[in-house]
Amino acid sequence: MKKLLSILAVLVLTMSMAVMADNDRVITFDKLPQAAQTLLKANFANKVPVAVTADRDDYMVIYQSGEKVEFDKKGNWKELNCKTSSVPAALIPAQITNHVNATFPGATIVKIERDRRGYEVKLNNGMDIEYNKQFKVTEIGD
């Protein structure tokens, strides 16, 4: 009986840790940081959000058309994933736009991520490009 209780206790503990790890909560659009709201209204005004979530470190907005936008806790974008369309040009640094246009004519950026090291870009032709903070290419692949 003690063995059964011990196993049961371990299972309950394991399951509760899994639930605590996924602490996203659904919020309303107006609960996003002002910077995030402004960016979304300016660049995704004609899109319909189906989910707005928050957790301890970031916010995420998912649109009906498949776009996903992630923000840090201050409202700065971390990831723009447009899957079937292009990332709005106004949100892409000019150096990246210039490089992509010169190197891959006709390609569009469908995803861009930024972090403390730089940027990672995915093109509609399947290519992935990584840039450092100075916008120098550090890796290209497919």
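A residue counts as exposed when its relative accessible area is over 50%, and as buried when that area is under 20%, with partly exposed in between. I start there since I will use those words for three residues. What you have on screen is a predicted model.

Take K83 to begin with. K83 sits in the loop between β5 and α3. Its relative accessibility is 57%, which is over the 50% cut-off, so K83 counts as exposed. Its phi is near 45 degrees, a positive value in a residue that is not glycine.

F135 also has a positive phi without being a glycine, in this case about 65 degrees. F135 belongs to the loop between β8 and β9. At 21% relative accessibility, F135 counts as partly exposed.

Now the sheet. Nine strands make up an open sheet, in the order β1-β2-β3-β4-β5-β6-β7-β8-β9, with antiparallel pairing. The edges are β1, residues 25-26, and β9, residues 137-141; each has a single partner strand, so one side of each has no neighbour in the sheet.

Inside that order, look at β3 and β4. Strand β3, residues 58-63, and strand β4, residues 68-72, run antiparallel and are joined by five bridges. One pairing to pick out is M60, whose bridge partner in β4 is E70.

Two helices next. Helix α2, residues 34-43, lies across β3, β4 and β5, and runs at about 155 degrees to β4. Helix α3, residues 94-103, packs on the sheet as well, where it touches β6, β7, β8 and β9. The direction of α3 makes about 140 degrees with that of β8.

Back to β5, which contains E79. Is E79 buried or exposed? E79 has a relative accessible area of 10%, which is under 20%, so this glutamate is buried. Apart from neighbours within four places in sequence, E79 is in contact with K68, V69 and E70, and also with K111, I112 and E113.

E113 brings me to the last item, the largest pocket, since E113 is among the residues that line this pocket. The space in the largest pocket comes to about 170 Å³. Which elements give two or more residues to its lining? They are β6 (109-115), β7 (118-123) and β8 (128-132). Besides E113, the lining includes R114, D115, R117, G118, Y119 and E120, then E130, Y131 and N132, and also T138. By class, six lining residues are charged, three are polar and two are nonpolar.

That is what I have; the model is open for anyone who wants to look.

Technical notes. Residues numbered from 1 in each chain as written. Predicted model: local features only at pLDDT ≥ 70, side-chain atom pairs only at ≥ 80, totals over all residues. Heavy atoms only, no water. 1 Å grid on protein atoms, 1.4 Å probe; cavity = no way out; pocket = protein on both sides within 12 Å on 5 of 7 lines; lining within 4 Å. Points joined across faces, edges and corners; volume = space filled by probe spheres on them. Helix = DSSP H or I, 4+ residues; strand = E, 2+ residues; numbered from the N terminus. Nonpolar A, V, L, I, M, F, W, Y, C, P; charged D, E, K, R; others polar. Pairing = 2+ DSSP bridges. Contact = heavy atoms within 4.5 Å. Axes fitted to C-alpha atoms, helices over the stretch in contact; angles between N-to-C directions. Buried < 20%, exposed > 50% of the residue type's maximum accessible area, 1.4 Å probe, protein only.
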